Amino acid sequence: MRQVAIGGSGERLWIGLVEQGRLVEWRNPGEHAQAAAGEIYLGRVTDVLPGMQSAFVEIGQGKKAYLYVDDAPMPKQAKQGTANIRECVREGEMLLVQVIKEAMGNKAPRITTRINLKGKCLVYLPAEEGVSISRKIGDKAVRKRLLEQLEGMLEAGEGVIVRTEAAEAEESTILEELARLRQVWQKLRQQASERGKPGRVSGDGEWLEQALRDLLAQDPDELLVEEAAVYQQVKGILALFSPEKQALLRRYQGKQTLADHLGVDVQLQQALRREVPLPGGGYLVLDRTEAMTVIDVNTGAFTGKGGQQREQAVTATNLEAASVIAAQLRLRDIGGIILIDFIDMKEAANKERVLAKLEEELSRDPVPSTVFGMTALGLVEMTRKRVRPSLAERISRPCAVCRGSGRVRSPEQLVRMLWDELEGLARSQEAEAAVVEMPTPLYEPLFGRGAEAESIAASFRARCPVQLHALHNPLMPPDEYRILYAGSPGEAAGLFASRKRQMP
């Protein structure tokens with residue numbers, strides 16, 4: 001069973017892909033409000049750097065975005081690869097841009113002025129002429145038919161990329177989608193002109209629409225949605241770009257939250273750990289540096305006596321590791337340079353088996369990767385394309401206690417987890433009130449002083465599924481909390497008063 005699951009709403013919204021009970025992908029809008037790949041912004045050019053053939057653009061997200069000359073508007077007389085950045089943009093100029101690579105660590109998000117709007121059958125290019133057809137459409141007759149159809153539909157100055165799905169689509173379907181994408185483009189231009197200052201102009205629902213497109217392309221058996229309002233939003237999105245997928249749509253109404261039902265939070269917590277167990281008793285150790293990710297494979301519980309027995313056991317462990325590594329890279333959204341230290345094998349045939357297994361498992365990942373082989377020291381070198389911040393960057397932050405050498409869950413993630421757990425108790429146990437012991441990073445945003453904290457606290461309490469009594473414990477670990485009681489309001493109030501008196 002392969003499921004696309006959408007839980008929560010608003011700031012708590014998340015979407016994931018679950019295969020046979022295992023979380024494969026997990027995404028959220030981003031607690032840190034970073035510019036996401038595909039989003040469209042109105043930007044102002046602030047710095048033009050001829051020596052780097054690039055410019056920096058203010059897009060209203062704090063960190064300036066990076067614009068390379070090949071992604072800038074080309075002068076009419078210039079050819080691709082020959083223009084100077086000063087011929088393309090000037091300081092103070094306003095540009096409509098699209099994020100093509102999200103910010104990673106200290107690196108700025110990368111943007112382009114060559115905006116594209118994705119549909120099911122087409123990718124609409126409002127500023128580039130011509131028709132390009134997916135290489136996956138191999139039938140020459142179909143390619144010719146699509147080319148003739150689209151050339152007759154396009155207006156001067158616009159272009160499209162024809163996607164694989166267009167091969168089976170009716171001409172009327174393609175025409176309707178083209179008209180819709182034109183309307184989206186006109187709306188974006190209007191929003192940009194009305195905005196007048198740097199900031200995002202793409203709609204609030206576009207993150208969810210893009211995530212749905214990506215995950216539905218994995219051919220799920222079911223699409224589960226928890227919240228009623230999100231269910232209607234998803235239904236509307238599917239009606240526009242994938243009506244045939246509406247048959248998969250289900251409203252989840254269990255007593256547990258959807259995250260609890262699927263074990264999402266437990267698997268997310270495991271995905272932040274440094275060590276990952278293997279089915280046969282071995283384990284992986286994952287370490288991230290600024291330059292690369294290093295993965296070490298260990299035999300763990302192996303107790304062989306050497307010789308051929310050892311070679312077989314080591315090879316079996318490495319084959320297990322290859323499968324788990326591919327899954328972890330995908331779930332953790334790890335990109336860039338990756339170095340894997342498999343357990344040493346003597347036979348060349350076994351090394352080839354492990355490399356083949358790794359490549360086979362990586363081929364299931366929609367994010368492209370390349371395996372460069374094994375070095376003289378037995379290390380496997382590979383890369384995986386960076387498309388968004390890693391899972392750790394999205395749901396955790398550097399630990400103030402260890403000064404960045406480790407990570408703890410962010411307050412936003414703690415609030416989401418607490419909300420889901422309280423909502424689950426309200427559903428499954430009909431709890432009306434709860435007493436929760438909280439660390440400072442969780443307590444201050446909800447119950448601290450100041451206008452911002454009071455606003456957050458008032459909003460949380462107004463929507464909280466139970467009456468909440470919070471005990472502040474500054475000695476607790478910064479990314480943990482404890483629900484001491486969930487049940488009747490009277491008993492909760494009594495326990496809260498008793499514990500409050502005992503605290504310093």
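In this predicted model, the second largest cavity is lined by Asp-333, Ile-334 and Gly-335 together with Arg-384, Lys-385, Arg-386, Val-387 and Arg-388. Sorted by class, the residues around the second largest cavity comprise five charged, two nonpolar and one polar, and the volume of this cavity is about 30 Å³. The count of cavities of 30 Å³ or more comes to two.

The largest cavity has a volume of about 50 Å³, and its lining is made up of Asp-265, Leu-268, Gln-269, Leu-272, Ile-395, Arg-409, Gln-413, Arg-416 and Met-417. At least two residues of this lining are supplied by helix H7 (264–270), and at least two by helix H11 (411–428). In the lining of the largest cavity, four residues are nonpolar, three are charged and two are polar.

Aromatic contacts were also examined. A search of the whole structure yields two aromatic pairs, and one of them is formed by Tyr-443 and Phe-447, whose rings lie 5.4 Å apart from centre to centre with 35° between the planes. The arrangement of Tyr-443 and Phe-447 counts as tilted, because the angle falls neither under 30 degrees, as stacked planes require, nor over 60, as edge-to-face planes require. Both residues belong to helix H12 (residues 440–447), and because Tyr-443 and Phe-447 are four residues apart there, about one helical turn separates them. With a relative accessible area of 18%, Tyr-443 is buried, whereas Phe-447, at 22% relative accessibility, is classed as partly exposed; the two residues fall into these classes because buried means under 20% relative accessible area.

Terms used. Residues numbered from 1 in each chain as written. Predicted model: local features only at pLDDT ≥ 70, side-chain atom pairs only at ≥ 80, totals over all residues. Heavy atoms only, no water. 1 Å grid on protein atoms, 1.4 Å probe; cavity = no way out; pocket = protein on both sides within 12 Å on 5 of 7 lines; lining within 4 Å. Points joined across faces, edges and corners; volume = space filled by probe spheres on them. Nonpolar A, V, L, I, M, F, W, Y, C, P; charged D, E, K, R; others polar. Phe/Tyr/Trp six-rings, centres within 6.5 Å; stacked < 30°, edge-to-face > 60°. Buried < 20%, exposed > 50% of the residue type's maximum accessible area, 1.4 Å probe, protein only.
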